[in-house]
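Morning, everyone. I have one structure to walk through today. Please look at the screen.

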Amino acid sequence: MTMPYVLPRTGELGPPVPVIVTPTGVCYADPGRDRAGRDLDGLLWEVREGTATGPPAYTAELHPIRQCEAMENLLCAGCRGPADRGPDGMLWLIPLLGAAPNTRWEGMHVAIPPMCAVCAELAPRLCPVLGDGHVTLRVREADPIGVLGTLHPPPGRPGQPEPDALVPYDSPALAFVVARQAVRRLCQVTLTP
Ligand SMILES: [Zn+2]
């Protein structure tokens, strides 16, 4: 794992392609780009200028399309293979990001896909965010709950776009969000040493 699958490359971090807000939702002006930016459910994902070149960008958010693919299919964040499953559930490495080690992980929302056993060994040495402190969890249930993204007010409504909105999958606001990360809720969590 020299290039973790879900991380953006530095060349992929150009400015986000602007969206148009219509009465029925957000879209990209270019129809080809709009098609490429939508998933099977019609949800629009953030597209940035740039190409998949350069080293991995460890400090950025995960790459929207690859994060979504790995998260939806429960693929390993590092290698895109199947995530590791054991008697106590699926393997998940979560960076502490300043959280106390005795944090309650049950029910937490995550935007990081699970991992296979090999990548889980390597990742904390490669990734400075995990290397700064992480927990290893086994998770029996990880329900998809929604997306994190930029929520635009419908035309004619006052207000500014909300850059870090968590929009549930059953929300009518879903048509007005430019999604960046698919989010799951971790349940029946066991903290492993
Ligand atoms: Zn892997």
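Let me start with a question: does Leu 74 count as buried or exposed? It counts as buried, because its relative accessibility is 18% and the cut-off for buried is under 20%. Keep Leu 74 in mind. We will come back to it.

A word of caution before going on. This is a predicted model. Every value I quote is computed from it.

Now the overall picture. The protein chain has 4 helices and 9 strands. What order do the elements run in, from the N terminus on? The order is β-β-α-β-α-β-β-β-α-α-β-β-β. The chain has 193 residues, and a compact globule of that length would have a radius of gyration near 16 Å. The protein chain comes out at 17 Å, so it agrees with the globule rule. The C-alpha atoms fill a box of roughly 50 × 35 × 30 Å along the principal axes.

Next, burial and surface. Of the 193 residues, 46% count as buried. The accessible surface is about 10,000 Å². Carbon and sulfur atoms make up 57% of that surface. Then the contacts. Take those with a separation of 6 or more: 73% of them join residues 24 or more positions apart.

On to the metal. Which residues are the protein donors of the zinc ion? They are Cys 76, Cys 79, Cys 116 and Cys 119, each through its SG atom, lying 2.3 Å from the zinc. The site is tetrahedral, with angles of 102 to 114° among the 4 donor atoms. In sequence, the donor residues are spaced C-x2-C-x36-C-x2-C. One pair links distant parts of the chain: Cys 76 and Cys 116, 40 residues apart. Cys 76 is in the loop between α2, residues 64–73, and β4, residues 85–86. Cys 116 is in the loop between β6, residues 109–110, and α3, residues 117–126.

How exposed are these cysteines? Cys 76 has a relative accessible area of 0%, so it is buried. Cys 119 is buried at 3%. Cys 116 is buried too, at 12%. For those of you thinking about thiols, the structure holds 0 disulfides.

Now the helix just before the zinc loop. Which residues of α2 are buried? They are Pro 64, Arg 66, Gln 67, Cys 68, Ala 70 and Met 71. The buried residues of α2 pack against three strands: β3, residues 44–45, then β6, then β9, residues 177–192.

And here is Leu 74 again. It follows α2 and is found in the loop between α2 and β4. That is the loop that also holds Cys 76. The phi of Leu 74 is positive, near 55°. Why point that out? Most residues other than glycine have a negative phi.

Leu 97 has a positive phi as well, near 50°. It lies in the loop between β5, residues 89–95, and β6. Is Leu 97 buried or exposed? Leu 97 is exposed, because its relative accessible area is 69%. Set that against Leu 74, which is buried at 18%.

Two more residues, quickly. First, Thr 136. It is in strand β7, residues 134–151. Which residues does Thr 136 contact, leaving aside its neighbours within four places in sequence? One set is Leu 91, Trp 92 and Leu 93, and the other is Thr 190, Leu 191 and Thr 192. Its C-alpha atom is 8.6 Å from that of Ala 120, 16 residues apart along the chain.

Last, Glu 49. It is in the loop between β3 and α2. At 36% relative accessibility, Glu 49 counts as partly exposed. Leaving aside neighbours within four places in sequence, its contacts are Gly 11, Glu 12, Leu 13, Gly 14, Pro 15, Val 17 and Arg 33. How far is the C-alpha atom of Glu 49 from that of Pro 16? They are separated by 6.3 Å, with their places 33 residues apart along the chain.

To wrap up, take two things away. The zinc ion has a tetrahedral site, with four cysteine SG atoms as its protein donors. Beside it in sequence, α2 is followed by Leu 74 with its positive phi. Over to you for discussion.

Terms used. Residues are numbered from 1 along each chain as its sequence is written. This is a predicted model: local features need pLDDT of at least 70, side-chain atom pairs count only at pLDDT 80 or more; totals for chains, interfaces and linings use all residues. Side-chain values use heavy atoms; hydrogens and water are left out. A disulfide is a pair of cysteine sulfur atoms within 2.5 Å. Buried means under 20% relative accessible area, exposed over 50%, partly exposed in between (1.4 Å probe, protein chains only). Donors are N, O and S atoms within 2.8 Å of the metal (3.2 Å for Na, K and Ca); water is not among the atoms, so sites may look incomplete. Four donors count as tetrahedral if all angles lie between 85 and 135 degrees; four count as square planar and six as octahedral if opposite donors are over 155 degrees apart and all others between 65 and 115; anything else is irregular. Helices (H or I, at least four residues) and strands (E, at least two) are DSSP runs, numbered from the N terminus. The radius of gyration is taken over C-alpha atoms; the globule rule is 2.2 Å times the number of residues to the power 0.38. Contact means heavy atoms within 4.5 Å. Accessible areas come from the Shrake-Rupley method with a 1.4 Å probe; for residues, only the protein chains shown count as cover.
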